[in-house]
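This report describes a single chain, beginning with its internal spaces and then turning to its surface and overall make-up. The sequence and the structure are shown here.

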Amino acid sequence: MQQPPRDQHGWDPFPSSQRDKEATKDQEHTPQTLSPTYRLAFDDADFLTREELRGVRLQLEMMKPEMALIEAGILSTVVLFGGARIPEPGGEAWAAKNETQKRNLEANARFYDEARRFAQLASQHSADSSGGKEFVIVTGGGPGIMEAGNRGASDVDAVSIALNITLPHEQAPNQFATPDLSFNFHYFAIRKMHFLLRARAMAIFPGGFGTMDELFEALTLIQTQRMQRIPVILFGEEFWRRVINFEALAEEGTIAPEDLDLITFADTAADGWEAIRTFYEF
């Protein structure tokens, strides 16, 4: 007896949707087949981008990266956040609007090197301990500190993940992320979920609203015990204490004093990685 076609998941008695899609390419062009209503629903971009299909798009953005990461065998990650506008040392502070911003961005360029070095340390540990499956660097995939993170992994021939997002400015995929682990998102919420689903640690370098959004999302989830506690390391203690008065939140009673213990400050890549090693005792 002839067996049904076999795919990577086992026997499947039904023809694949891909086969239907290929078959429609060769159909005779008639007014009926050319009508938008005749398109296969899953192959109709105009239909999928309708307002009523938002829930479906949210699900697709959740599933596509998840399935790819499972297939790649990625078990855990180290999330590396930081400003897209911080240049590589010696590079141009392209986002500066005045001399003060230019001077500060150039001074903060040292964090590009620290982020790159930190990613090297994490990625080397990943390669040595798990064959590149645990503690894999994941960034937002853009320029600045994000580029430094992907670049550090590339320096030691390790894979790294990029979770990009479509924006009117700043965000284009950097060249150092592993191509098969580079993803693009429309929804910030789903992107942030993917940052945290496998996170074993977070390395937060100086940045702007986006960096702070991602930082406080994680702190909120840890504080409320909606996710397990992981090391949250803020690189550049002087920067962070200047822009956020964490102690004032505790003094005002809006957070508990012990919530301050969720944060660890570090100024060098070595200190940040040592904090992770101490937390996990390896």
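The largest cavity is lined by Leu69, Thr77, Val138, Ile161, Leu163, His194, Phe195 and Arg198. Two elements, strand E5 (161-165) and helix H7 (188-197), each give two or more residues to that lining. The volume of this largest cavity comes to about 50 Å³, and the structure holds two cavities of 30 Å³ or more. The model is a predicted one, and the values given here are to be read with that in mind.

Besides the cavities there are pockets, and the largest pocket has 35 lining residues, among which Gly83, Arg85, Pro206, Gly207 and Gly208 lie nearest its centre. The elements that contribute two or more residues to this lining are helix H4 (99-107), helix H5 (110-130), H7, helix H8 (209-223) and helix H9 (237-243). Of these, H4 gives the most, with five residues. Helix H7 is thus named for the lining of the largest cavity and also for that of the largest pocket.

The two spaces can be set side by side as follows.

| Space | Volume |
|---|---|
| Largest cavity | about 50 Å³ |
| Largest pocket | about 1,000 Å³ |

Is Gln175 buried or exposed? This residue is found in the loop between E5 and strand E6 (182-185), and its relative accessible area is 70%, so Gln175 counts as exposed, the cut-off for that class being over 50%. Gln175 and Thr49 are 126 residues apart along the chain, and their C-alpha atoms are separated by 29 Å.

For the chain as a whole, the secondary structure amounts to eleven helices and nine strands, and the C-alpha trace spans about 70 × 50 × 40 Å along its principal axes. The chain has 282 residues, of which 39% count as buried, while the area that the chain exposes is about 16,400 Å², with carbon and sulfur atoms supplying 52% of it. When contacts between residues at least 6 apart in sequence are considered, 65% of them join residues at least 24 apart.

As for charge, the chain carries 27 positive and 42 negative side chains, and the centres of these two sets lie 2 Å apart.

Note on methods
Residues numbered from 1 in each chain as written. Predicted model: local features only at pLDDT ≥ 70, side-chain atom pairs only at ≥ 80, totals over all residues. Heavy atoms only, no water. Helix = DSSP H or I, 4+ residues; strand = E, 2+ residues; numbered from the N terminus. Buried < 20%, exposed > 50% of the residue type's maximum accessible area, 1.4 Å probe, protein only. Contact = heavy atoms within 4.5 Å. Areas by Shrake-Rupley, 256 points an atom, 1.4 Å probe, with all protein chains shown as cover. Lys, Arg positive; Asp, Glu negative; His and termini not counted. Charge placed at Lys NZ, Arg CZ, Asp CG, Glu CD. 1 Å grid on protein atoms, 1.4 Å probe; cavity = no way out; pocket = protein on both sides within 12 Å on 5 of 7 lines; lining within 4 Å. Points joined across faces, edges and corners; volume = space filled by probe spheres on them.
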